[in-house]
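This report looks at how some secondary-structure elements are arranged against one another. Please keep the sequence and the three-dimensional view at hand while reading.

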Amino acid sequence: MPEGLEPEPGTPLSEPGERASSDPRQAPRGTFWRPSLSQLIVAVVVCLVTATAILSARQRQADTNYQSLRRSDLVALLDSLSSQSDRLDSEISSLSRTKTKLENSATSQKAAQEANQARLNALQVLSGEVAAQGPGITVTILDPQQRVTPQLLVDAIQELRDAGAEAIQINHTVRVVASTWFDAHATTLIADGVTVQRPIVIDAIGDPATLSGALKFRGGLASTVESTQVGGTVLISQHNQLLIGSLHDPPALRYARPS
Amino acid sequence: MVVVLGVILGVAIGLYAAPSLPAGLQPYIPIAVVAALDALFGAARAFLAHTFSDKVFVVSFVSNVLIAAAIVWVGDQIGVGSQLTTAVVVVLGIRIFTNAAAIRRELIHA
């Protein structure tokens, strides 16, 4: 910059001479390195303007608190913000209503599912589709004269059921369900088409004391088997944990349908 | 040269001073700056036309800035502030372009 401007002080009168010959203010242009009062004033003013401009530009960039906005702009801004807030509030309430509804339905659905599962478990045990375990008794009927009749077995099963037996099996092979039948071929006992070998072992799950009592009363299974007509022996043992592992395959239904 | 130093000093002040313009004055600062630019261009034109007077410059500068800010302030009071701001900026912009054209003709004769 000094190089580019240096010729100017050296040629104060040559180039602008014609135009400035009658101008009394031609002198300051020549005294570039000796600033006159007017130059100083201009410098100060320029300095102030530049500083103000840059300050205001910086403040506008850093402005986040809406101080420089006009009142009408602020009012419009406030209006839009409050309407937006109203809209969001209503959205929140509708969403929370939906959430409550969904939570309620989920809870009731879960309860219904649990009830259904319990019901399904009970029905599966009753129909003999799954193995069952629990406290119960084992009844062993020793019948050396082979005089135990199907009728007697049916009575025994019925007594056990009356006493609350929930799952019954015979000889670890035949699960006793609603459709189980008993027959005899000469002295051979048959249950659900399976030959029942002697001694007959009946497992029943239920309250052990009640089940034992149901078999021991006068005129019940024990007294009948141990009478002189049959001449057998009944052994009853109670268990805290008894496993009934035999299963019953339900037949495919041809006519009945759930309604 | 002193003018160039003044520009540099102003840039330095603007960059390193904390931006602490009073909030009440803030809407009028940009208008004042535009008015000051107009005054500076007028001064440059007068300087090149050899009719520059420091007294006239200072008075016109101060009055330009004050009148521009006052117009916008009055406009704000009566509710037409933004329109008056636009009007002042348009007028000052036209003047700046006119002065710039005159300066250009004086400097490069084109």
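In this predicted model, helix α2 (residues 29-48) of chain B and helix α4 (residues 81-108) of chain B pack at an angle of about 20 degrees, with their axes 9 Å apart. Because angles under 35 degrees count as roughly parallel, α2(B) and α4(B) are therefore roughly parallel to each other, and their crossing is left-handed. On the α2(B) side the contact involves residues including B:I31, B:V34, B:F41 and B:L48, while α4(B) contributes, among others, B:V88, B:L92, B:I96 and B:L107. The residues of this contact comprise 15 nonpolar, 3 polar and 4 charged ones.

Chain A offers a sheet. Its 3 strands form an open sheet in the order β4-β5-β6 (chain A), and the pairing is antiparallel. The edges are taken by β4 and β6 of chain A, each of which has a single partner strand, so one side of each is left without a neighbour in the sheet. Neighbouring strands of this sheet are turned against each other by 40 degrees on average, direction ignored. The strands are listed here with their residues.

| Strand | Residues |
|---|---|
| β4(A) | 182-185 |
| β5(A) | 188-191 |
| β6(A) | 194-196 |

Between β4(A) and β5(A), which run antiparallel, there are 4 bridges, and A:H185 stands opposite A:T188 in β5(A). Helix α7 (residues 150-162) of chain A packs on the sheet, where it touches β4 and β5 of chain A, and the direction of α7 makes about 160 degrees with that of β4(A).

Notes:
Residues numbered from 1 in each chain as written. Chains lettered and ligands numbered in written order. Predicted model: local features only at pLDDT ≥ 70, side-chain atom pairs only at ≥ 80, totals over all residues. Heavy atoms only, no water. Pairing = 2+ DSSP bridges. Helix = DSSP H or I, 4+ residues; strand = E, 2+ residues; numbered from the N terminus. Axes fitted to C-alpha atoms, helices over the stretch in contact; angles between N-to-C directions. Contact = heavy atoms within 4.5 Å. Parallel < 35°, antiparallel > 145°, perpendicular 65-115°, else oblique. Left-handed = near helix turned anticlockwise from the far one by under 90°. Nonpolar A, V, L, I, M, F, W, Y, C, P; charged D, E, K, R; others polar.
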